[in-house]
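I opened this model to look up its salt bridges, its core and its surface charge. My notes follow in the order I made them.

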Amino acid sequence: MENRPDNVLVEQAARGDGDSFTELCHRYYGPMVAIGHAILGDRHLAEDAVQEAFAKAAVHLPRLRKPEQFGSWLATICRNEARSLARTRRVSCGHGESPVQETPASADETSEAVKAALNQLPAEAREVIFLRFYDGLSYDRISAVLGISEQAINGRLRRAKRKLAEHLRRCGFDEVDL
């Protein structure tokens, strides 16, 4: 089953083949967690958002008109679920929270500076950073997940790395080579 292209799995899953949908879940779980993590700053919450996204995708899969765009469609659902969860958490906590918070307060100065620098990036830049460097995806796979070209990914990564380096230099880290 692993050799079947996504569009074939999507078509079979839309017709009720549970094994095909399970395979899609296995293929996309890691990238979706990276997207959720980029938004929520907490891997466990990201996993919750991903589970909700998969549940919604399973229900709405028969409505997907372009099976070859499954990855970007699922990423949109996952982003929406993560943002919804973030809003719910802000309301229940009574304050806004920054997207990247996973490192404990006792973490070293460098880790805190990198977190702060990541928080300065736009969400789309954080997504490609998390997909590429935290989840280890290739440009080709990121392209399939986000539905953007490899050139766009390269551009986003270059701009994000430049902004991260600028922020870290402003924080006193002179030797920044991203």
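Entry 1, a long-range pair. I started with Arg79 and Glu127, whose side chains meet in a salt bridge at 2.4 Å, N to O. The pair links distant parts of the chain, with Arg79 in helix H4 and Glu127 in helix H6, 48 residues apart. I note that the model is predicted.

I then looked up the burial of both partners. Arg79 has 14% relative accessibility and therefore counts as buried, the cut-off being under 20%. Glu127 is buried too, with a relative accessible area of 3%.

Entry 2, the other salt bridges. How many salt bridges does the count come to? I get 6 salt bridges. Asp6, Glu23 and Arg27 are joined into one network by salt bridges that share partners.

I took the network one contact at a time. Arg27 meets Asp6 in a salt bridge of 2.6 Å, N to O. Arg27 lies in helix H2 and Asp6 in helix H1, so this pair ties together parts that are 21 residues apart in sequence. Arg27 also meets Glu23, at 3.3 Å, N to O. Arg27 and Glu23 both lie in helix H2, 4 residues apart, which is about one turn of the helix.

Are these residues buried or exposed? Both Arg27 and Asp6 are buried, Arg27 at 18% relative accessibility. Glu23 is buried with a relative accessible area of 12%.

Entry 3, the fold. I find 8 helices and 0 strands. Of the 178 residues of the protein, 41% count as buried.

Entry 4, the core. The largest nonpolar core has 49 residues, and those that touch the most other members are Tyr28, Met32, Ile35, Phe70, Val145 and Leu146. Among the elements that give two or more residues to this core are helix H1 (6-14), helix H4 (70-93) and helix H7 (139-146). H2 gives the most, with 11 residues.

I also checked Ala75, which is found in helix H4. Ala75 is buried, with a relative accessible area of 0%. The C-alpha atoms of Ala75 and Val33 are separated by 9.8 Å, and the two residues are 42 apart along the chain.

Entry 5, the surface. Which residues form a positive surface patch? I list Arg158, Arg159, Arg162 and Lys163. Lys163 has its place in helix H8, residues 150-170. With a relative accessible area of 44%, Lys163 is partly exposed.

Key. Residues are numbered from 1 along each chain as its sequence is written. This is a predicted model: local features need pLDDT of at least 70, side-chain atom pairs count only at pLDDT 80 or more; totals for chains, interfaces and linings use all residues. Side-chain values use heavy atoms; hydrogens and water are left out. Patches are made of residues with over 30% relative accessible area and no salt bridge: like charges are joined within 9 Å, nonpolar side chains (Val, Leu, Ile, Met, Phe, Trp, Tyr) within 5 Å. Accessible areas come from the Shrake-Rupley method with a 1.4 Å probe; for residues, only the protein chains shown count as cover. A salt bridge is a side-chain nitrogen of Lys or Arg within 4 Å of a carboxyl oxygen of Asp or Glu. Lys and Arg count as positive and Asp and Glu as negative; His and the chain ends are not counted. The place of a charge is taken as NZ of Lys, CZ of Arg, CG of Asp or CD of Glu. Buried means under 20% relative accessible area, exposed over 50%, partly exposed in between (1.4 Å probe, protein chains only). A nonpolar core is a set of buried Ala, Val, Leu, Ile, Met, Phe, Trp, Tyr and Cys residues joined through side-chain atoms within 4.5 Å.
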